[in-house]
Amino acid sequence: MPSPEFRLYDSLSRTVKPITTTEPGHLRLYSCGPTVYSYAHIGNFRTFITTDLVIRTAQAIGWRVTSVGNITDVGHLTEDNVADASGDDKMAKALQSKEGESFANVWDLARYYANAFESDWANLNLLPLSVRPRATEHMREQIVAVQALIEQGHAYETPTGVYFSVESFADYGKLSGNRDREELQVAVRDIVQDDNKKNPADFALWKKDDKHLMQWFSPWGWGFPGWHIECSVMAQKYLGDTIDLHGGGEDLRFPHHECEIAQAEAKTGKPFCDHWFHVTFLQVEGEKMSKSKGNFFTARDIFAQGFSPLALRMALISVPYNKPHNFTIQTLKDSQAHTERFQESLSRIAAHGLEPDTFPTDSPNNPYQTIYEEALAAMLNDLNTSVAVAKALEGNKQILRDPLTAESAAHAAWFLRKMNELLGIVYNTQATADTHLEEEAEPIIAGHPISELIIQRAEAKNQRTSPLPIGSANRSPVPDSNSVTPPKEPLGAK
RNA sequence: GGCGACGUACCCAAGUGGUUAAGGGGAGGGACUGCAAAUCCUUUAUGCAUCGGUUCGAAUCCGAUCGUCGCCUCCA
């Protein structure tokens, strides 16, 4: 039986098109992960949940999925296009911040936040990825790739580092539309000019810097890799030269993904990836969420206000991934109520001796079959989560209306299992004792609207008061003892 | 300058040419209850930013206009 089409908007061709797999029924996808210099925020998770939904939807139509999502645990420069070596390093900066005081060094800091990230990941019911590579553990591969690019004439060494030559790769700009020379100049408008670069748009593959907090020895001396090289190298290592699908936040489209394409295709001469998805940035209470504004929330901030992780998950997917989504306290409250109604169904079903672990995987003549199929069809149509969630609620409403018998309870259990496999909003199958929330939840919701907290926080920020009203409560300044290991001497570290 | 998204009821939001414009929230009415909460039932857009066009037929396609927003810079 041919598998149904899984249609997804492709940023490269700018059309909605079916996902094709190199190997029939086997999807290989790469999703760009976070730089772990702080706790991941809800906008990060909109992106990661989108990848999770791609995986779940693919599995729902019987595909095998090999998923790779990196953790960037190298600081890089805050301004990656800046050619001089004076830019600040994200992780070094974090280490110098108030919260960073408790860490002995950047290695500890990265390890702590990477662990926190994986814990949030599980709490939000995200499926484990097949491979979760870290940049620091793939230094050799990155160095080898840079060497290859130099040998092929796509890269050159300068006194400050190694740069990729944009002119050597004709397709540079095909993803972002920054194709001609002049447009490119504007796209990278704020760069600091470095006379060592042949072209202002050339980007760093390796930075020479023997003062950097994280450094490795290379054929070009002590230094660290450019930001873009890790992803294309790790994607190709685990998924092959050509991968089926690649995604990330919309900010990564340019320059990050554009540079990944250039590096990967220049090196192998083969297409790197034919299908790209980008997740639109979240807004919060009608405003752009950004670090500089201080109105962003970590997942933990939301949990600390008494909202369940599944409620956050549901709120984040209530609007499709590629549409503007204004995240509000109202949506979060609604989602919390819906989550509780799923709980109600689960406990009624439990009265018939059925627990999620024992929910049937098969259920002939199930009256909920149609609703499930409608939800699946919505997901296959460019991840229409609004409709899929509506279907989950519709089915749940019917369950709550039904004075359950043993038979109808089994039908309901099947439905909830299938919806949960597809959307992950009914019950958590990923959280374990290791991923407990660090603090007991605060009383609740109504008295703590996020909108108020945003204002308080912004005011506090303006007045430079400390501690911040949000986030401080659940941010243990002292890392868990088991999450900190002595700084591991990495391969080639000085 | 480049790339892109959006404008549907009080609010969020689905809708990819064809019978009565999903779903959720809110609000009104009702059932249940000693009262309330919860729950259940029910009502709530002759209308889809504006104007023009294509069509037997358009919220859906095309054009123009107005408006809002995002990314390209730290950021997913």
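Me: Contact here means heavy atoms within 4.5 Å, while axes are lines fitted to C-alpha atoms, for helices over the stretch in contact, with angles running from 0 to 180 degrees between N-to-C directions. At about what angle to β7 does helix α4 run?

Reply: This is a predicted model, in which local features need pLDDT of at least 70 and side-chain atom pairs count only at pLDDT 80 or more, whereas totals for chains, interfaces and linings use all residues. Residues are numbered from 1 along each chain as its sequence is written, chains are lettered from A and ligands numbered from 1 in the order in which they are written, and side-chain values use heavy atoms, with hydrogens and water left out. Helices (H or I, at least four residues) and strands (E, at least two) are DSSP runs numbered from the N terminus. Helix α4, residues 139-151, lies across β5, β6, β7, β8 and β9, and with respect to β7 it runs at about 120 degrees.

Me: Which strands stand at the edges of the sheet, each with a single partner strand?

Reply: Strands count as paired if DSSP finds at least two bridges between them, and here five strands form an open, antiparallel sheet in the order β5-β6-β7-β9-β8. Each edge strand has a single partner, so one side of it is left without a neighbour in the sheet; these are β5 (155-157) and β8 (216-218).

Me: In β9, which residue is the bridge partner of Lys 207?

Reply: Strand β7 (residues 203-208) pairs with strand β9 (residues 221-225) in the antiparallel sense, over three bridges. Within β9, the residue bridged to Lys 207 is Phe 224.

Me: How many residues of strand β3 are buried?

Reply: Buried means under 20% relative accessible area, exposed over 50%, and partly exposed in between, with a 1.4 Å probe and protein chains only. His 26, Arg 28 and Tyr 30 point one way from β3 and Leu 27, Leu 29 and Ser 31 the other way, yet all are buried. The strand is therefore largely enclosed by the rest of the structure, the buried count being six of the six.

Me: Which residue in β10 stands opposite Leu 29?

Reply: On one hand, β3 pairs in the parallel sense with strand β4 (residues 64-69) over six bridges, where Arg 28 stands opposite Thr 66. On the other, three bridges join β3 to strand β10 (residues 245-249), again in parallel. There, the residue opposite Leu 29 is Leu 245.

Me: Against which helices do the buried residues of α12 pack?

Reply: Helix α12 (residues 385-401) has 17 residues and spans 24 Å from its first C-alpha to its last, close to the 24 Å expected at 1.5 Å a residue, the expected span being 1.5 Å times one less than the number of residues. Its buried residues include Ala 388, Lys 391, Ala 392 and Gly 395. The helices that they pack against are α1 (42-60), α9 (309-317), α10 (329-350), α11 (369-380) and α13 (406-423).

Me: How far from the sulfur of Cys 32 is the nearest cysteine sulfur?

Reply: A disulfide is a pair of cysteine sulfur atoms within 2.5 Å, and the structure holds zero disulfides. Cys 32 is in no disulfide, although the sulfur of Cys 231 is its nearest cysteine sulfur. Cys 32 is buried at a relative accessible area of 5%, and Cys 231 is buried at 2%. The distance to the nearest cysteine sulfur is 3.8 Å.

Me: What is the relative accessible area of His 228?

Reply: His 228 lies in the loop between β9 and α6 (229-239). Not counting residues up to four places away in sequence, it touches Phe 203, Pro 255, His 256, Cys 259, Glu 260 and Gln 263. His 228 is buried, with a relative accessible area of 1%.
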